[in-house]
Amino acid sequence: MSKKTEKNCRLGVVGGQAVLEGVMMKHGERYSVAVRRENGSITVTDGNFVSVRKKHKFFNIPIIRGVVNMVEMLMLSVKTLNISADLYGISEEEEETKFEKWLREHFGARLLDAVMVIAMILGIALAIGLFVFLPAFLTSLLDDLTGNILGGWKNLIEGVLKIAVFVGYLSLCLLMKDIRRTFEYHGAEHKSIFCYEAGEELTPENVKKYRRFHPRCGTSFMFVIIIISVVISSLPIVTWENMFLRMLTKLALLPIVVGVGFEFIMYAGRHDNILVKILSAPGLWMQRITTREPDLDQIEVAINALKSSMPKEFPDYRKPSDDSDNVSDPGQQ
């Protein structure tokens with residue numbers, strides 16, 4: 001098998017995300033979370049996440065699978081973030097207050113589930129407000145102030161405002177030290193995947209050489225979503241005459257936007273032609289914000305997560321000698 005063929009076989013088979021002081025990598029139905037603890041040791045744990053797309057063919061239809069994937073990845077993201085917090089030891093360090101103890105004793109897991117649902121709803125509402133309603137409202141306001149002369153340019157202006165809000169939001173996130181650390185682990189994740197896809201030995205020094213901007217990144221996905229939404233918002237059915245109706249129509253069309261964006265991201269992750277490079281460029285530029293250069297220790301964490309997620313590919317891999325053996329398996333989803 002030629003080296004070129006080997007590279008192509010490795011494209012798009014593993015992905016991941018940054019978590020609290022670590023990295024999650026996912027290969028097929030298996031995912032692994034590696035975390036650097038405060039004492040400097042690395043803890044790794046594994047779990048399974050079986051997509052509903054494998055159970056029911058309907059959910060694997062193009063466009064539909066993009067919506068399903070987004071929901072499942074949100075679920076897995078929340079789950080692995082909680083796992084990383086446990087591995088890092090946050091739950092051990094924080095002493096439970098009397099009020100928290102009373103809530104746990106009287107409501108137990110039901111309260112936690114309710115809080116998680118409420119938090120997710122509020123998060124979705126905030127995202128819709130910032131990236132859907134606010135740009136449309138500002139564009140409409142600008143059109144009124146200029147005497148309704150914007151005409152067909154309103155969709156483009158709305159898209160530019162969406163991008164501005166998105167960039168501004170991410171830039172503000174960088175002011176937080178913990179977020180910057182997470183973005184460094186994000187860079188380590190990308191570099192490790194690039195090194196694996198290139199067929200090179202996974203060592204911190206080798207991984208360090210690779211770029212941190214990956215076409216299948218969630219940041220690129222969000223940017224693609226914005227561009228596609230601008231195109232779809234230009235359709236006649238998305239009226240500017242009634243702002244409430246416009247919002248409802250855009251929300252109804254959101255699954256199509258997400259589905260088309262997912263198909264493009266998956267295509268971009270497996271191809272490297274000139275068209276993909278042009279269309280992926282804006283999303284890759286955005287990764288200059290959402291990824292930072294990692295150090296060798298952070299890269300080592302990402303390598304552990306990647307190798308642990310692919311036991312058949314790395315049969316000689318052994319988890320770092322830590323109390324990781326005592327960490328309970330997160331189980332199956």
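Helix α10 holds these buried residues (buried: under 20% relative accessible area, 1.4 Å probe, protein chains only): Thr219, Ser220, Phe221, Phe223, Val224, Ile225, Ile226, Ile228, Ser229, Val230, Ile232 and Ser233. This is a predicted model: local features need pLDDT of at least 70, side-chain atom pairs count only at pLDDT 80 or more, and totals for chains, interfaces and linings use all residues. Residues are numbered from 1 along each chain as its sequence is written, and side-chain values use heavy atoms, without hydrogens or water.

**Helix α10**
- Because 12 of its 16 residues are buried, α10 is largely enclosed by the rest of the structure.
- α10 covers residues 218-233, and at 1.5 Å a residue it should span 22 Å (1.5 Å times one less than its number of residues); its end C-alpha atoms are 22 Å apart, which agrees.

**Nonpolar cores**
- The largest nonpolar core (buried Ala, Val, Leu, Ile, Met, Phe, Trp, Tyr and Cys joined through side-chain atoms within 4.5 Å) has 23 residues; Met25, Tyr196, Leu202, Leu306 and Phe314 touch the most other members.
- Two or more residues each come from β2 (22-27), β4 (42-48), α8 (177-197) and α13 (296-309) (DSSP runs: helices H or I, at least four residues; strands E, at least two; numbered from the N terminus).
- α13 gives the most to this core, six residues.
- A second, separate core of 14 residues includes Phe221, Ile232, Val257 and Ile265.

**Tyr196**
- Tyr196 sits in helix α8.
- Tyr196 counts as buried because its relative accessibility is 3%.
- Leaving out residues up to four places away in sequence, Tyr196 touches (heavy atoms within 4.5 Å) Arg10, Val13, Val14, Leu202, Leu306, Met310, Glu313 and Phe314.

Notes. Buried means under 20% relative accessible area, exposed over 50%, partly exposed in between (1.4 Å probe, protein chains only).
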